[in-house]
Amino acid sequence: MGRSVNLTVQKYIQVKIESIQMNTIKLIYNKIKDNAIFIEIALFIIAVFWGFISGLFGLPDMVSATNELLNEHIDDYNSEKARIESRIDNLYLLNKTEEILTHVLYPTAESYMQNSNEEFQNMSLFSQNSTFIDETGNECNLSNYLGDSILIPYKENDQEIFFLGQIDSDYQWDGNCLINVYKDNQLVIATSAQYNNGIRESYTQIFFDDGEWVYTDRERKLDKTNKAYNSGDTWRYTCINNYIQKISFDSPSENDMITPSTFRQEFCESLISRYHGNVVDGKYNDTTGDAYLIKFLSDGTVKTLYHGNFKNGDFDDETGHAWYITRDKEKNTNYMYYMGEFRQGKTLNDGNSYFENPITRATFNRLTSNNIYDCYMNWAEQYIGD
């Protein structure tokens, strides 16, 4: 990774603009510009009148002195004109820079959460003509930092968003990029993704959803129609505490960016569920027959192990080969085993289905000995039959 550069509009405020309002400056400048000839004539008349009343005999010397004084006033006027024009240009650049940083084509936290399993393609960051102010207060162009690690904060929809990563020659996200999103000083989402010319190829992510922290690890794939979907794993955890913002918007530091894996290790405790399979349109959708979902009770023991197809987030399988092991803690049931069809999350219980209550030890061992379930499962052994 190349140079690490913070590009932030706030640094530009430190440039010597002396908090002058643009409209006021423009008004002063326009008045000066529009009345410049009258000011020069007035100065000349005053100088001549002063020379006249000072004595007719000294008029030649006074006229000469007056001309020098007038030239000095004209020089002062030109200097002030240039200074005001410079301030107007600076404020215009500041306004344009703020506009760029608050209207870029970034997904908001809401769109991340709604599309956290979908593909962000062709994400143009900025154009080659975009102007920034670096951490030293100097004007710079983004084209000078292509391929370098840059940290850019911006605001959108009452959120503070921090981008840390690289931009390629097409001004697309590229390589390993880290995005942190905060709202009301609390973390909403953190994403570490591998981009290739604006296309997200793989990612890990942590986000807050319905009172739970969700950690995902997925990669991009294409179906037979070349439609993109994501495949991988999803863990849901109970939310113990919210993550309070540490990174400063005015002077952000790379050290204050948080990665999803770090957050998971430090702040995620009780596992609620673990899903393995494909995700389409933000929901569990998988017809490969290889997907599975494990749900846990509050005491850490397994509630349900399902293996089969999913549709719109539900157990949904017409093959007759899907199955689950499940128990109802509220009713204090044993672990039960069902194999057959599922429709919208419920068992079909037709003549082709198979049911064991309680599940026998032989069936249990046969199903759970498969090493594909890459997750520790604590079973309440007393609810398994002989």
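Among contacts in the chain between residues at least 6 apart in sequence, what percentage join residues at least 24 apart? In this predicted model, the share is 53%. The chain has 386 residues, and buried residues account for 45% of them. Six helices and 20 strands make up its secondary structure. The accessible surface amounts to about 20700 Å², and carbon and sulfur atoms contribute 47% of that area.

The second largest pocket encloses about 270 Å³ of space. Its lining consists of 15 residues, and those nearest the pocket centre are Lys303, Thr326, Arg327, Asp328 and Met336. Two strands, strand 17 (317-326) and strand 18 (336-343), each provide at least two residues of this lining. Sorted by class, the lining comprises six charged, five nonpolar and four polar residues.

Side chains of opposite charge can pair when their charged atoms come close. Six salt bridges are present in the structure. One of them joins Glu212 to Arg236, with 2.6 Å between the closest N and O atoms. Glu212 belongs to strand 9 (residues 212-222) and Arg236 to strand 10 (residues 228-238), so this salt bridge ties together parts of the chain that are 24 residues apart in sequence. Arg236 has a relative accessibility of 17%, and therefore counts as buried, the cut-off for that class being under 20%.

A salt bridge is also found between the side chains of Arg274 and Asp233, at an N to O distance of 2.7 Å. This pair links distant parts of the chain, since Arg274 is in strand 11 (residues 271-280) and Asp233 is in strand 10, 41 residues apart. Both partners are buried: the relative accessible area is 3% for Arg274, and the relative accessibility of Asp233 is 14%.

Arg361 and Glu381 form a further salt bridge, in which the closest N and O atoms are 2.9 Å apart. Here, too, distant parts of the chain are linked, with Arg361 in helix 6 (residues 361-368) and Glu381 in the segment after helix 6, 20 residues apart. Arg361 is partly exposed at 29% relative accessibility, and Glu381 is likewise partly exposed, with a relative accessible area of 39%. Elsewhere, salt bridges with shared partners connect Asp209, Glu212 and Arg236 into one network.

Two pairs of residues separated in sequence were examined through their C-alpha atoms. Gln186 is located in strand 7 (residues 186-196) and is partly exposed, with 30% relative accessibility. Although Gln186 and Ile244 are 58 residues apart along the chain, their C-alpha atoms are separated by 4.7 Å. Apart from neighbours within four places in sequence, the contacts of Gln186 are with Val181, Asn242, Tyr243 and Ile244. The other pair involves Asp250, a residue of the loop between strand 10 and helix 5 (260-267). Asp250 is partly exposed at 47% relative accessibility. From Asp250 to Tyr154 the C-alpha to C-alpha distance is 9.9 Å, while the two residues are 96 apart in sequence.

The backbone was also considered. Most residues other than glycine have a negative phi, and most peptide bonds are trans. Asp184, which is not a glycine, has a positive phi of about 55°. This residue sits in the loop between strand 6 (173-183) and strand 7, where Asp184 is exposed with a relative accessible area of 64%. Asn226 is not a glycine either, and its phi is positive at about 65°. Asn226 occupies the loop between strand 9 and strand 10. With a relative accessible area of 58%, Asn226 is exposed, as the cut-off for that class is over 50%. The peptide bond running from Asn357 to Pro358 is cis, its omega being near 0°. Pro358 lies in the loop between strand 20 (354-356) and helix 6.

Methods: Residues are numbered from 1 along each chain as its sequence is written. This is a predicted model: local features need pLDDT of at least 70, side-chain atom pairs count only at pLDDT 80 or more; totals for chains, interfaces and linings use all residues. Side-chain values use heavy atoms; hydrogens and water are left out. Helices (H or I, at least four residues) and strands (E, at least two) are DSSP runs, numbered from the N terminus. Buried means under 20% relative accessible area, exposed over 50%, partly exposed in between (1.4 Å probe, protein chains only). Contact means heavy atoms within 4.5 Å. Accessible areas come from the Shrake-Rupley method with a 1.4 Å probe; for residues, only the protein chains shown count as cover. On a 1 Å grid over the protein atoms alone, a cavity is a set of points where a 1.4 Å probe fits but cannot get out, and a pocket is an open set with protein on both sides within 12 Å along at least five of seven lines; lining residues have an atom within 4 Å of a point. Grid points are joined across faces, edges and corners, and a volume is the space filled by probe spheres set on the points. Ala, Val, Leu, Ile, Met, Phe, Trp, Tyr, Cys and Pro count as nonpolar, Asp, Glu, Lys and Arg as charged, and the others, Gly among them, as polar. A salt bridge is a side-chain nitrogen of Lys or Arg within 4 Å of a carboxyl oxygen of Asp or Glu.
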